[in-house]
Amino acid sequence: MPIDEREIPGRPVGRRVVLGLVVAGAAGIVGGGAIQKGLASVLGPIGNHDPTGLIGLIPVGNNFRFYSVTQGAPRKDENSYALAVSGSVDAARTFSLQDLRAMPQTSLVRDFQCVTGWRVPEVPWSGVRLAEVLDAVEPTASATAVRFTSFDGTYTESLTLDQARSDDVIIALTMLDAPVTHDHGGPVRLFVASMYGYKSIKWLGGIELTDHVVPGYWENRGYDIDAYVGESNGRNDDPTS
């Protein structure tokens with residue numbers, strides 16, 4: 001369903017603004033960590049409205065870069081968020097935030113690695129193991145893969161069912177010791193610890209069990225379907241973590 005543009009705060013960022021921020025980012029390299037952290041704190045809402053993708057080029061040290069394949073996503077909260085899990089299952093179900101919080105929680109401290117090369121080390125994550133949610137909906141014998149959709153209306157991803165059941169794949173409710181913010185993909189996002197960041201879909205809104213792997217947004221643009229760090233997309237300089 002198309003996103004109602006009126007629900008998305010902010011306007012697309014022009015090239016002049018973005019290029020100015022790139023210059024500021026370069027100044028951050030010279031000025032040190034304090035400037036880079038200051039830049040990182042404002043890039044979320046700007047980067048999520050950057051159709052050029054240039055925000056991702058700004059050097060901000062070991063901090064998250066922000067990027068959306070659309071112009072952002074509607075905001076969801078306690079009352080409006082819902083995670084629909086359907087497809088090849090015997091017990092399709094919709095989970096609220098309260099439902100997810102009531103399930104057993106798993107905590108991880110793992111790096112977040114982007115396929116473009118930047119990395120944020122030792123990020124604290126917590127949430128529900130994806131396997132727990134899959135068990136709750138009872139996949140059928142024909143289910144071999146899992147497809148994810150974002151409530152930005154555009155972004156999609158996939159894992160095999162075996163990959164989805166890994167202990168380090170979680171439906172993340174917190175990161176950096178706080179609830180997942182909207183700009184980080186909240187209130188709920190996926191985190192696939194052993195794979196590049198494009199597999200960790202932001203603004204998670206739907207999960208569908210399928211009988212085959214459905215290539216996601218970036219896979220349809222040339223990225224590998226199996227995105228293990230150091231083993232895909234032509235990169236061999238990062239150990240699998």
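**Exercise 1. Where is the place of Ser-200?** Describe its surroundings too.

*Solution.* Before we start, a word on the model: it is predicted, so local features need pLDDT of at least 70 and side-chain atom pairs count only at pLDDT 80 or more, while totals for chains, interfaces and linings use all residues. Residues are numbered from 1 along each chain as its sequence is written, and side-chain values use heavy atoms, with hydrogens and water left out.

Step 1: Find the loop. Ser-200 sits between strand 9 and strand 10; strands (E, at least two residues) and helices (H or I, at least four) are DSSP runs numbered from the N terminus.

Step 2: Check the burial. Ser-200 has 3% relative accessibility and therefore counts as buried. Buried means under 20% relative accessible area, exposed over 50%, and partly exposed in between (1.4 Å probe, protein chains only).

Step 3: Look for a polar partner. A polar atom of the Ser-200 side chain lies 2.9 Å from the backbone nitrogen of Val-192.

Step 4: List the contacts (heavy atoms within 4.5 Å). Leaving aside neighbours within four places in sequence, Ser-200 touches Phe-112, Arg-189, Leu-190, Phe-191 and Val-192.

**Exercise 2. Is His-182 buried or exposed?** Place this residue in the fold as well.

*Solution.* Step 1: Read the accessibility. At 13%, His-182 counts as buried.

Step 2: Locate the residue. His-182 belongs to the loop between strand 8 (178-179) and strand 9 (189-192).

Step 3: Inspect the side chain. One of its polar atoms is 3.3 Å from the backbone oxygen of Ala-73. Beyond neighbours within four places in sequence, the contacts of His-182 are Ala-73, Pro-74, Arg-75 and Trp-203.

**Exercise 3. Why is strand 10 largely enclosed by the rest of the structure?** Then work out its pairing.

*Solution.* Step 1: Count buried residues. Strand 10 spans residues 204-210, and six of its seven residues are buried, so the rest of the structure largely encloses it.

Step 2: Trace the pairing, which takes at least two DSSP bridges between two strands. Strand 1 (residues 83-87) runs parallel to strand 10, joined by four bridges. Strand 5 (residues 145-150) runs antiparallel to strand 10, with six bridges.

Step 3: Pick out Gly-206 in strand 10. Gly-206 is the bridge partner of Ala-84, and it is also the bridge partner of Thr-149.

**Exercise 4. How many helices and strands does the protein have?** Add the burial and contact totals.

*Solution.* Step 1: Tally the elements: five helices and 10 strands.

Step 2: Turn to burial. Of the 241 residues, 48% are buried.

Step 3: Consider sequence separation. Among contacts between residues at least 6 apart in sequence, 65% join residues at least 24 apart.

Terms used. Polar contact = N/O pair within 3.5 Å; in protein donor to acceptor, adjacent residues only side chain to side chain.
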